[in-house]
Amino acid sequence: MAMDVKSWATKFKNLTDNDETIQCMGKYYTCTFMFDMGEQKVIVEMHDGKVKNINTDPAPLDPYDFALRASSQTWREFGQPVPKPMFHGIWAASFRRDLKLEGNLLSMMQNLRNFTVQFELLRKCGVPV
Amino acid sequence: MVRHSPVTGRYVTIDVDGHEYKVFYLHNGNGQPLICQHTAGCHNHQWRGLLEDEEFTKDYNIIAYDLPRHGKSDPPHNTEWWKEEYKLTAEHYVNFIVKLCDALELKDPIFMGSSFGGNVALQLALRRPDRFKAVIPVEAADYAPGFFLDWWRHPHANAAQVCASGVWDLMAPQSPDMDRWLTWHYYSQGSEAFKGDLYYYSVDHDLRDELHNIDGRKCPVVMMTGTYDYLTPPEATENTARQIKGGVYIEMNDIGHFPMSENHDVFRVYLREALRIIRERTGG
C-alpha cells in the first residue's frame, strides 16, 4: 500500500532541506518541477536549495518549469533503496524505460547537480504510489 | 616520510594529420604494454586504480594518456583550433593512437578503452589489427547514438555541472560515493571537449556493417560491459561481440559506464579474466 502523499511530501522536504550535498551548494537552486506518477502528481517548488512548497493536489493550470512523467510502476522502482538497472536515474529511465522529460529542460539543466541529488532521495523516502 | 606514488607522468610530442600534439601520459609497471584510453570529456585519472594495482603492474607496462584537449594534453600547438568547432572523427582518433604507440615504441600493445575509448578499440581491431596484440573494448558497441547533445555546452547552463551530473547515472548506485564523486569531479573539467568527443561516439562511429570484417582471431577482441550502463546496455555489447569472429563478451555485474573509475575493485576482477583470455589466445 502506497504511503499518503502528504506524509511523503513531509519526508521529501525534510530529507532535501537537511541534505548536506544539496545544502553546501544550494544557493540559486530555485525552480519548480512536477513528478507525474500516473495516479498521483505533485509539484515541488524549490527556493535556494530548500523546499518552499509541495503541491500535492495540482490543479490543471498550476505552473511548473519542467515535468518528469512515467508510470507508477517506474516510480516505485525509483523509490527502491537500490534501484534495478535502467531505473537508477532520470537519464537511464528516459533512454531505456518510459520516463518522459518535458517542459523547460533548460531549467532542469541549469539545476542538474542538485536536482540529480534530490531525485535520489526518493531511495530513502519512497514514492506515494 | 614522503608518500610518492610509483606512477609517473611525462609528455611526448607527436604529429598526427598535420596537428602537433604534446601528449601527457601516466605510466607504471613492466612487461606487456597495456595502453588505456579514458572516456569522452574526461582524462587519465580514471585509470588511477589500475595504475597503482600491483597485481597488474608487475606484469603489464600500463600507460594511460590524455587525449588532446583533455587533462594535461593541450589542443594542437600549431593550429588556430579555437576558430573551428571540435569534432573528433574515427580516422583521426585511430591515427592518433597509432602514432602515440609508435612514439612510445610499444611492441604489440594491448589497447583498452572505455565508452568512446571502447568504440575506438573496435576501430583499431578493424583498421590496424597488425599493430595491436589485442583490444579490450569496455562499455562499447558497434553504434551508440543519442549523446551528441547541445546541452553539454549550452551557454545558459553551467556546462561543468551539466556534464558531470549528466553522466552521474551512467554509474551504478552500488559504486562507492568517493569514486563516483571523483568521476563527477573529472567530468566537471572537460565540458568543452565533451560534445566534440561525442560527435565521434554517437555520429561518426558506426560499425553496424563492418563487424564481419573484424577478425578476433588475428587481434583478439574481449568486450566488457556493466549491467547499469544505459548508453551501451549489456545487450548492445553482447550483440556486437557476437558478430565479430572470435569475439568475447563479459558482463560485469553491479557496475556502470565508467567501471575503472567508479569501482576499480569490481572492475579488476573482470579485467583479470579478460587478460587471461588474451594470454590464452595469443600464447603469452
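**Exercise 1. Start at R123(A): list what it touches beyond its neighbours within four places in sequence, then place it in the fold and decide whether it is buried or exposed.**

Solution. Begin with the contacts. Setting aside neighbours within four places in sequence, R123(A) is in contact with F78(A), G79(A), Q80(A), P81(A), P83(A) and H88(A), plus P173(B) from the other chain. Keep in mind that this is a predicted model. Next, the fold: R123(A) sits in helix 7 of chain A, residues 122–125. Last, the burial call. The relative accessible area of R123(A) is 15%, and the cut-off for buried is under 20%, so R123(A) counts as buried.

**Exercise 2. Size up the contact of chain A and chain B: how many residues does each chain bring, and what area is buried between them?**

Solution. Count first: chain A puts in 24 residues and chain B puts in 26 residues. Then the area: about 2100 Å² is buried between the two chains, and carbon and sulfur atoms give 69% of that. Now look for the big contributors on chain A. H88(A), W91(A) and R113(A) together supply 27% of the area that chain A buries against chain B, more than any other three residues. H88(A) has turned up before, as one of the contacts of R123(A).

**Exercise 3. Describe the side of chain A that touches chain B: which helices each supply at least two residues, and what classes of residue are there?**

Solution. Take the helices one by one. Helix 4 (90–96), helix 5 (105–110) and helix 6 (112–119) of chain A each supply at least two residues to this side. Helix 4 gives the largest share, with five residues. Sorted by class, this side of chain A has 14 nonpolar residues, alongside five polar and five charged ones.

**Exercise 4. How many salt bridges and how many residue pairs in polar contact does the rule find across the interface of chain A and chain B?**

Solution. Salt bridges first: the rule finds zero between chain A and chain B. Polar contacts next: ten residue pairs turn up across the interface, with both partners at pLDDT 80 or more.

**Exercise 5. Work out the surroundings of S114(B): where is it, is it buried or exposed, and what does its side chain reach?**

Solution. S114(B) lies in strand 5 of chain B, residues 110–114. Its relative accessible area is 0%, so S114(B) is buried. Its side chain reaches the backbone oxygen of H257(B) at 3.3 Å. Leaving out neighbours within four places in sequence, the contacts of S114(B) include Q37(B), H38(B), T39(B), V138(B) and E139(B), and also H257(B), P259(B) and M260(B).

**Exercise 6. Which strand holds P33(B), and what does P33(B) touch beyond residues up to four places away in sequence?**

Solution. P33(B) belongs to strand 3 of chain B, residues 32–37. With a relative accessible area of 10%, P33(B) is buried. Beyond residues up to four places away, P33(B) touches N61(B), L106(B), K107(B), P109(B) and I110(B). For a distance across the fold, try F132(B): it is 99 residues from P33(B) along the chain, with 10.0 Å between their C-alpha atoms.

**Exercise 7. How many disulfides does the structure hold, and how far is C42(B) from the nearest cysteine sulfur?**

Solution. Over all chains there are zero disulfides. For C42(B), the nearest cysteine sulfur is that of C163(B), 11 Å away. A disulfide needs the sulfur atoms within 2.5 Å, so this pair does not qualify. As for burial, C42(B) is buried at 2% relative accessible area, and C163(B) is buried at 0%.

Technical notes: Residues are numbered from 1 along each chain as its sequence is written. Chains are lettered from A and ligands numbered from 1 in the order in which they are written. This is a predicted model: local features need pLDDT of at least 70, side-chain atom pairs count only at pLDDT 80 or more; totals for chains, interfaces and linings use all residues. Side-chain values use heavy atoms; hydrogens and water are left out. Contact means heavy atoms within 4.5 Å. Buried area is the accessible area (1.4 Å probe) that two parts lose on being put together, summed over both. A salt bridge is a side-chain nitrogen of Lys or Arg within 4 Å of a carboxyl oxygen of Asp or Glu. A polar contact is a pair of N or O atoms within 3.5 Å; within protein, one must be able to donate a hydrogen and the other to accept it, and residues adjacent in sequence count only if both atoms are side-chain atoms. Ala, Val, Leu, Ile, Met, Phe, Trp, Tyr, Cys and Pro count as nonpolar, Asp, Glu, Lys and Arg as charged, and the others, Gly among them, as polar. Buried means under 20% relative accessible area, exposed over 50%, partly exposed in between (1.4 Å probe, protein chains only).
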